[in-house]
Amino acid sequence: MFDVSIYTDSTGAESLDGVDGFNFQGASEGFTPVDRRAVQEYLLHQVVTGWSIDNDPLAHPPSCRYRPVGDRFYLARGRSTGKTNNGRPGNQLTQSIVTGDIADFAPYRPAQLFGARRWCLEKAERNLESWVTPLEIDPEFEASELKDGLLDDPWAIEMFPAFLTMIEEAVAERSKKLVIVHDDLEVVMRWIALGTLFLDLELAVSVKFAALVKNPLAVDAAIVGTSSVFDPPPLGVGGGAYNVFDVLNRQTTPVQVSRSARDQAEWFTELDAEDALAAVELARTWESAMGADDATRLARLVQLGGSGLVEGDGDAAMRAVISLVDSGQADDLAMYADELSAAAQQAHFDTEDYVRTAARALWSARRVGADEFGFRIAAQTLRAVSDHSALVIAWAHEMNELSTQSPADPALGMYIRQYQNSWVEAVNGAPAEAMSDLMVVANAFALEAHPEAVRDGLARFEEYWARNPGLSGDRVHRMYRHETTAGTVKRVVGLLEEGDRDVTADLLGGQWDWVSEEMRTPLDGWIAAARIAVVPPKKRATLLGDERRSASIPPGAWSVVLAGVELAADARLIGQWIDRTRIVSPSLGRWLAEEIDRIRKQVGSEGAAVRPVLRALLGRGVRIESRDLDPILNEMRFLSRAYAAANQSIDFPENRALDEFAARIGSCRSFFMIEIGSLLIDARDTRALRRLIREAGDVCGTAMTEELRRRFEREPALTLEVALFHSVEGLGIQADSATDFLTELADSRESRTQVEDLKRGLPDEWAGAWDELLGESKKGRMARNLVRGGKRLFGKEG
């Protein structure tokens with residue numbers, strides 16, 4: 001129901017308020033004070049100032065205005081009526097109707113009500129009757145008559161797509177004003193009525209219009225009609241702030257006709273008006289969800305029974321599924337499922353964007369229970385992309401991102417089987433990168449393909465997963481979780497045993513820890529090894545000795561337990577590992593051989609430091625699986641036996657074993673510093689000693705001095721006497737080393753005091769030798785102590 005009012009110059013007796021002048025002369029019962037303010041502010045007919053000076057007052061163009069205000073909708077018509085009751089020019093009469101229910105406009109649009117038969121535009125009774133809906137309108141404003149009027153005008157038919165484009169631009173979010181020019185208000189209103197037929201009712205009632213008005217660009221309305229007598233604005237050029245559709249002079253602002261406007265204009269002119277407008281209304285209903293072009297395409301397909309698909313229809317159908325679900329219009333998806341599904345069969349799947357759209361369409365359909373439609377899309381997509389690696393990866397990843405656990409309706413068995421067959425084919429040919437996502441999707445759909453059916457695909461995935469542990473996060477969502485986990489663990493162990501650096505780094509980084517938390521597998525020992533490896537090398541020995549922690553660690557895990565160690569610095573840990581496992585694998589042997597060979601070519605303390613490793617390698621029952629160590633260990637065994645024999649003959653003036661030891665010691669001298677030092681101190685075969693000094697070279701002095709230090713701690717008196725003997729009677733290097741050792745004692749206050757006590761038990765000969773050396777050592781003692789202090793400070797002397 002519409003409430004009605006009439007506003008004009010009234011006498012006190014005529015007006016509703018009993019006041020002379022411009023006022024409401026009549027109104028229906030439901031016309032409120034709020035309605036009065038709205039009409040007075042926005043909808044009154046405006047007489048152009050000074051019109052009557054050069055023109056007949058009654059020839060002033062009439063007007064029609066429409067505007068929503070708050071939650072009410074107002075339509076008004078007005079005309080000039082000459083002079084006011086007091087003789088002044090500019091009188092006018094405005095009749096308005098208002099409703100708060102947009103259903104009162106149905107089946108029309110607001111502009112069509114310009115032709116309502118109840119307009120009177122005259123003074124009437126003070127108490128007006130409301131207009132009961134639906135309203136009866138003049139035939140000229142019915143859709144069929146508006147179409148006929150259009151078809152009678154070739155220019156109008158030609159320009160109709162451009163006009164509809166201007167309508168679209170006028171109602172867009174960034175509105176571009178449409179100015180319609182003609183001297184006849186009814187002509188202008190028929191064009192506004194025709195244009196707004198192509199808007200859904202909800203949008204149409206929100207669009208403000210006004211005609212015929214002066215200064216149309218200043219009027220607050222999206223669509224404005226003006227007369228030639230009001231100096232309409234110039235046509236302008238395309239891309240300006242407004243469009244002009246000049247019906248009077250048959251010219252318009254140039255515009256780029258939109259696809260939707262072109263299609264809808266074609267429907268309207270070539271098909272039944274009612275059918276065309278039903279399709280238009282559907283398109284406008286969908287427009288906010290999917291855009292004008294897609295909405296128009298699909299409305300043609302589902303509403304007009306488009307017999308032939310054109311390029312782009314299939315892709316639009318895919319996008320429509322997503323849009324309808326996201327916008328809460330899933331009922332339309334159910335209603336038009338067959339038509340959309342048929343169109344979707346023609347969709348493109350030749351770019352990653354297209355296949356991602358297909359994935360989103362599938363899940364959108366499933367979200368609202370359209371499983372049959374979803375399975376059709378799924379099977380179709382997989383068939384199309386199965387031979388294209390990049391597309392399979394894109395589709396599978398998008399599906400995984402969107403997937404939720406959603407078993408299919410068993411009643412859809414045929415579609416499930418079709419999809420499952422396509423899935424199996426895709427999996428067996430898909431790149432490994434896509435496999436995790438594909439299995440997540442299969443699990444989400446509760447597919448039931450036997451593992452044997454996808455054996456090739458699973459094998460490729462296991463190889464890929466073994467090198468990409470980040471995929472483990474999706475494992476609980478994947479189909480064939482147990483099968484692929486077991487296969488992947490086996491491959492990881494194999495790669496670890498081969499010493500694969502990347503896989504070892506993954507293990508050390510904790511990437512596979514979850515395996516031992518969920519199941520018992522051969523990987524457990526490797527994970528235990530990794531947990532030892534994460535602590536500093538100096539602290540690993542304690543953990544390695546903890547049977548509870550280390551029992552399951554396999555011998556092949558040496559590269560993990562010993563990760564980051566250095567042979568010399570961490571020899572005790574390495575030796576402990578060999579003692580514990582009793583096996584030296586080929587890879588460990590290769591590494592040890594390289595490191596030992598490097599160290600034995602150097603002269604220094606590193607050689608002595610690796611003795612725990614050498615001792616472990618030569619231990620009884622140790623299985624050496626590497627031939628790389630054979631040359632080194634054979635040499636070690638010979639030298640060890642030769643030393644033992646030489647030591648047994650240490651007091652003999654002729655010591656063949658010492659000679660054999662000296663002959664072979666050259667390349668291994670840094671590993672036998674203790675033995676060399678002992679032989680230099682104790683042996684009596686001077687000939688063999690000279691050969692030892694010659695073959696061992698520059699390590700002899702250090703070896704003997706260090707051995708004297710060790711012995712002095714255990715047997716100071718005997719060591720002091722032996723050192724004094726060698727300082728006087730020894731060969732060159734023996735004498736020098738002994739003198740260096742004794743000088744160290746002399747330079748130390750504590751040691752000097754100790755020696756003074758020991759001297760009482762020495763023969764006079766050696767006591768005198770000490771006193772002489774003590775006297776000589778005072779020269780340069782300060783300098784020597786400074787040098788020693790510097791060495792200790794910078795860690796160059798142990």
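Student: Where does Gly291 lie, in terms of the helices α8 and α9?

Tutor: In this predicted model, Gly291 sits in the loop that links α8 (273-290) to α9 (292-303). To read how open such a position is, one turns to relative accessibility, and because the value for Gly291 is 26%, this residue counts as partly exposed. The C-alpha atoms of Gly291 and Phe741 are 96 Å apart, with the two positions 450 residues apart along the chain.

Student: Is Asp500, which also has its place in a loop, buried or exposed?

Tutor: Asp500 belongs to the loop between α19 (481-497) and α20 (501-508), and since its relative accessible area is 17%, under the 20% cut-off, Asp500 is buried.

Student: Which polar partners does the side chain of Asp500 have?

Tutor: The side chain of Asp500 is joined to that of Arg467 by a polar contact of 2.9 Å, while a polar atom of the Asp500 side chain also lies 3.1 Å from the backbone nitrogen of Asp502. Leaving aside residues up to four places away in sequence, Asp500 touches Arg467 and Leu495.

Student: How should I read a single helix, and how many residues of α5 are buried?

Tutor: The general idea is that an α-helix has 3.6 residues a turn, so residues three or four places apart point the same way. Helix α5 (residues 185-196) has 12 residues and spans 16 Å from its first C-alpha to its last, which is close to the 16 Å expected at 1.5 Å a residue. This helix is mostly covered, with 10 of its 12 residues buried, among them Leu185, Val188, Trp191, Ile192 and Gly195.

Student: What caps the N-terminal end of α5?

Tutor: The cap is provided by Asp184, a side-chain oxygen of which lies 2.9 Å from the backbone nitrogen of Glu186.

Student: At what angle do α34 and α35 pack, and how should that angle be read?

Tutor: Helix α34 (residues 699-714) packs against helix α35 (residues 716-729) at an angle of about 150°, and their axes are 6 Å apart. Because angles over 145 degrees count as roughly antiparallel, α34 is described as roughly antiparallel to α35.

Student: Which residues make that contact, and of what classes are they?

Tutor: On the α34 side the contact is made by Met704, Leu708, Arg711, Phe712 and Arg714, and on the α35 side by Pro716, Thr719, Ala723 and His726. Sorted by class, the contact of α34 with α35 comprises 5 nonpolar, 2 polar and 2 charged residues.

Conventions:
Residues are numbered from 1 along each chain as its sequence is written. This is a predicted model: local features need pLDDT of at least 70, side-chain atom pairs count only at pLDDT 80 or more; totals for chains, interfaces and linings use all residues. Side-chain values use heavy atoms; hydrogens and water are left out. Axes are lines fitted to C-alpha atoms, for helices over the stretch in contact, and angles run from 0 to 180 degrees between N-to-C directions. Helices (H or I, at least four residues) and strands (E, at least two) are DSSP runs, numbered from the N terminus. Angles under 35 degrees count as roughly parallel, over 145 as roughly antiparallel, 65 to 115 as roughly perpendicular and the rest as oblique. Contact means heavy atoms within 4.5 Å. Ala, Val, Leu, Ile, Met, Phe, Trp, Tyr, Cys and Pro count as nonpolar, Asp, Glu, Lys and Arg as charged, and the others, Gly among them, as polar. The expected span of a helix is 1.5 Å times one less than its number of residues. Buried means under 20% relative accessible area, exposed over 50%, partly exposed in between (1.4 Å probe, protein chains only). A polar contact is a pair of N or O atoms within 3.5 Å; within protein, one must be able to donate a hydrogen and the other to accept it, and residues adjacent in sequence count only if both atoms are side-chain atoms.
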